[in-house]
Each structure stands twice: as structure tokens, then as C-alpha cells.
Amino acid sequence: MWLFTQHGFFSVVCARQGDGSHAHPVDPNRVMVRARLRVHLEALKARFPQEFDGCEIETAERTDYAHRVFLPKKTWANVIAALAEETDYDNFKSTVRRHQGASDYERSLHKVWELMLGLQTKS
């Protein structure tokens with residue numbers, strides 16, 4: 001799952017059992033929340049301190065998402081539900097700009113919007 005929020009961009013997948021290496025099967029009860037920018041995970045942890053209590057941000061430079069945290073899937077579901085409940089804006093990209101200022105993240109959102117518009121208009 002990709003999730004674009006006012007706190008940042010996240011890729012969420014089931015974590016693997018054991019040490020997390022590819023040799024282990026997927027753990028359907030645990031997720032790995034990944035981010036390209038550490039500041040995005042830091043912002044999410046700051047917004048949800050109780051849910052992320054004890055979860056350290058790990059950094060792995062040789063991966064496609066350099067930063068990650070591990071959570072029980074039920075905890076992650078609660079975070080997503082809270083994010084949905086706090087939606088109080090009518091324009092997402094403008095909200096990101098208001099919270100983060102003009103940033104690489106905000107500019108990237110405009111590129112994603114444009115790319116997905118192209119998908120819609122080609123249909």
C-alpha cells in the first residue's frame with residue numbers, strides 16, 4: 001500500500017518473520033512502514049506517539065525505502081483510521097503546503113497528480 005498523507009509518503013507491506021530476511025515467510029500480523037525520507041516517519045511518530053511507542057526508525061541505505069518501522073498490523077489499522085477521521089481539508093496538496101511549506105514532497109505530489117491525470121485521460 002502506498003499512502004500519501006500530510007505527514008509524508010509511506011509504503012506499507014507485511015513484514016517478514018524472524019530477522020526479516022527474504023528467506024523467511026511473510027508475517028500477516030506485522031507491517032513494515034517504509035519511507036524514503038526519515039523526516040516523514042518522524043512526523044508520523046510525532047503525530048501518533050502512543051502507537052509508535054518503542055518503535056525505532058531503522059535505516060538501511062541499500063534498500064529502495066531507506067527508513068522503516070515495524071508495527072502490529074492492528075496498530076497500523078488504528079493509525080490509518082485516525083488519519084481518515086482527521087481529514088478536514090478540501091485540497092490535499094494545499095494542505096501539505098500549509099503544513100510543510102513548499103517542499104520536495106509537495107512538488108512530488110504535483111507530479112504524481114499529473115501522472116495519474118494522464119492515466120485517467122487515456123482511459
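**Exercise 1. Work out how exposed Asp 104 is in this predicted model, and find its salt-bridge partner.**

Step 1. Start with the surface: Asp 104 has a relative accessible area of 56%. The cut-off for exposed is over 50%, so Asp 104 is exposed.

Step 2. Now look for a partner. The side chain of Asp 104 meets that of Arg 107 in a salt bridge, with 2.7 Å from N to O.

Step 3. Place the pair in the fold. Asp 104 and Arg 107 both belong to helix H4 (residues 104–122), where they are 3 residues apart, or about one helical turn. Arg 107 is partly exposed, at 42% relative accessibility.

**Exercise 2. Find what the salt bridges of helix H1 connect.**

Step 1. Begin with the total: the whole structure holds 4 salt bridges.

Step 2. Take Arg 38 and Glu 42, whose side chains form a salt bridge at 3.0 Å, N to O. These two residues are 4 apart in helix H1 (residues 38–47), a separation of about one helical turn. Arg 38 is partly exposed at 34% relative accessibility, and Glu 42 is partly exposed at 39%.

Step 3. Move on to Arg 47, which forms a salt bridge with Glu 86; their closest N and O atoms are 2.8 Å apart. Arg 47 is in helix H1, while Glu 86 is in the loop between helix H2 (73–85) and helix H3 (92–100), so this pair ties together parts that are 39 residues apart in sequence.

Step 4. Check the surface once more: Arg 47 is partly exposed at 34%, and Glu 86 is partly exposed at 23%.

**Exercise 3. Decide whether Cys 14 and Cys 55 are in a disulfide or free of one.**

Step 1. Recall the chemistry: a disulfide is a covalent bond between the sulfur atoms of two cysteines. The cut-off used here is 2.5 Å between the sulfurs.

Step 2. Compare with the model. The search of the whole structure finds 0 disulfides. For Cys 14, the nearest cysteine sulfur is that of Cys 55, 16 Å away, and Cys 14 is in no disulfide. Cys 55 is in no disulfide either.

Step 3. Add the surroundings: Cys 14 is partly exposed, with a relative accessible area of 29%, whereas Cys 55 is buried, at 12%.

**Exercise 4. Trace the strand order of the sheet and identify its edges.**

Step 1. Follow the pairing: the open sheet of 5 strands runs S1-S2-S3-S5-S4, with antiparallel pairing.

Step 2. Find the strands that pair on one side only: these are S1 (2–4) and S4 (58–59), the edge strands.

Step 3. Zoom in on one edge. S1 is joined by 3 bridges to the antiparallel strand S2 (residues 9–16), and Trp 2 stands opposite Ser 11 in S2.

Terms used. Residues numbered from 1 in each chain as written. Predicted model: local features only at pLDDT ≥ 70, side-chain atom pairs only at ≥ 80, totals over all residues. Heavy atoms only, no water. Buried < 20%, exposed > 50% of the residue type's maximum accessible area, 1.4 Å probe, protein only. Pairing = 2+ DSSP bridges.
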